[in-house]
Amino acid sequence: MSKATKKLAKADRKATHEAAQHRDQPAVKALGKLSEGADQPPLLLLGVGTMVVGAALRQPVMLRTGARMLASEVVATGIKSIIKRSVDRTRPAKAIATGKHDFKPGDSKDHDESSFPSGHTAGAVAVAGALAKDVPVLGVPAYALASGVAAVQMPRGKHYILDTVAGAAVGFVAQRAASAAVRVAEAALLGALKRRRR
């Protein structure tokens, strides 16, 4: 690890540990509970639900938006899971309690050693991007909510700043990849329907 990297990691730990001193405050706990809406099951359900409503109302844009949201969350989950399985990083709350902090290549299955990257941030950014793609007017509020999800992870003692930055990057990449896949699938489906009508 280079000198600059070590300095950055140290600053990241210091700032996050200071923020995490507020983790037992009622406001932080309340916001933390709200941020659980960016966990995998709620976001997957949101995507599926949007698709179902879009199909029931015969609204192609809503159906596509739901598919894009679902695909973005699935891809984001896949990417962050691969990274988490190859990097061990102690969550801030545990590091504060024990005085020990690891940030290294590894394959620990311990939840307290899977801080990097932030899955909540990855999912929130991915779904926000998917929503903004089809409904631009909702882009700003969607990204604002995703930013809130990321911001509360440090006071909660769940993630470091670098974890959320990495999570946001994962979410961005996942949304772009999923959107491309949905676009190809939609074109193929429309082409198949046109051929059937001939």
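Student: How exposed is E36, put as a relative accessible area?
Tutor: Keep in mind that we're looking at a predicted model. Buried means under 20% and exposed means over 50%. E36 sits in between, so it counts as partly exposed, with a relative accessible area of 30%.

Student: Which residue does E36 form a salt bridge with?
Tutor: Generally speaking, side chains of opposite charge can pair when their charged atoms come close. For E36, the closest N and O atoms are 3.0 Å apart, and the cut-off for a salt bridge is 4 Å. The partner is R156.

Student: How many residues apart in sequence are the parts that R156 and E36 tie together?
Tutor: R156 belongs to helix α7 (residues 139-156). E36 is in the loop between α2 (26-35) and α3 (40-56). The pair therefore ties together parts whose separation in sequence, in residues, is 120.

Student: And R156 itself, buried or exposed?
Tutor: Its relative accessible area is 15%. The limit for buried is under 20%, so R156 counts as buried.

Student: What span is expected for α7?
Tutor: Helix α7 has 18 residues, and the expected span is 1.5 Å times one less than that number. From first C-alpha to last, the helix reaches 26 Å. That is close to the expected value, 26 Å.

Student: Which residue just after α7 takes a positive phi?
Tutor: Within α7, the buried residues include A142, A146, V149 and A150, along with R156. Just past the helix, phi turns positive, at about 80°. The residue there is G157.

Student: Which residue meets D134 in a salt bridge?
Tutor: The N to O distance is 3.1 Å, inside the 4 Å limit. Both partners are buried. D134 lies in helix α6 and its partner in helix α4, so the bridge ties together parts that are 66 residues apart in sequence. That partner is R68.

Student: How long should α4 be, given its 27 residues?
Tutor: Multiply 1.5 Å by one less than the number of residues. The end C-alpha atoms of α4 are 39 Å apart, and this agrees with the expected span. Along the helix, the buried residues include R68, E73, K80 and K84. As for the span it should have, that's 39 Å.

Student: How much accessible area do V53, L57 and M62 have together?
Tutor: M62 lies in helix α4 (residues 60-86) and counts as partly exposed, at 31% relative accessibility. With V53 and L57, M62 forms a nonpolar patch on the surface. Their accessible area together is about 240 Å².

Student: Which residue forms a salt bridge with E113?
Tutor: The closest N and O atoms of this pair are 3.4 Å apart. E113 lies in the loop between β2 and α6 and its partner in helix α5 (residues 92-98), so the parts tied together are 19 residues apart in sequence. E113 is buried at 11% relative accessible area, whereas the partner is partly exposed at 26%. The partner is K94.

Student: Which residues are joined into one network by salt bridges that share partners?
Tutor: A search of the whole structure finds seven salt bridges. Some of them share partners, and these make one network. Its members are D12, R89 and D163.

Student: Which ring does the charged end of R89 sit over, 4.0 Å from its centre?
Tutor: R89 lies over the face of F103, at 4.0 Å from the ring centre. A charge counts as over a ring within 6 Å of the centre, given a suitable angle to the normal. The ring you're asking about belongs to Y160.

Student: The rings of F103 and F116: at what angle are their planes?
Tutor: A whole-structure search finds one aromatic pair. Its rings, F103 and F116, have their centres 5.4 Å apart, and the pair is tilted because the angle falls between the 30 and 60 degree limits. F103 lies in strand β2 (residues 103-105) and F116 in the loop between β2 and α6 (119-134), so parts 13 residues apart in sequence are tied together. The planes are at 50°.

Student: What share of the 198 residues of the protein chain count as buried?
Tutor: The chain has eight helices and two strands, and its C-alpha trace spans about 70 × 35 × 30 Å along the principal axes. F116, at 16% relative accessible area, is buried, whereas F103, at 27%, is partly exposed. Over the chain, the buried share is 39%.

How values were computed:
Residues are numbered from 1 along each chain as its sequence is written. Side-chain values use heavy atoms; hydrogens and water are left out. Rings of Phe, Tyr and Trp (its six-membered ring) pair if their centres lie within 6.5 Å; planes under 30 degrees apart count as stacked, over 60 as edge-to-face and the rest as tilted. Helices (H or I, at least four residues) and strands (E, at least two) are DSSP runs, numbered from the N terminus. Buried means under 20% relative accessible area, exposed over 50%, partly exposed in between (1.4 Å probe, protein chains only). A charge sits over a ring if NZ of Lys or CZ of Arg is within 6 Å of the ring centre and within 35 degrees of the ring normal. Patches are made of residues with over 30% relative accessible area and no salt bridge: like charges are joined within 9 Å, nonpolar side chains (Val, Leu, Ile, Met, Phe, Trp, Tyr) within 5 Å. Accessible areas come from the Shrake-Rupley method with a 1.4 Å probe; for residues, only the protein chains shown count as cover. A salt bridge is a side-chain nitrogen of Lys or Arg within 4 Å of a carboxyl oxygen of Asp or Glu.
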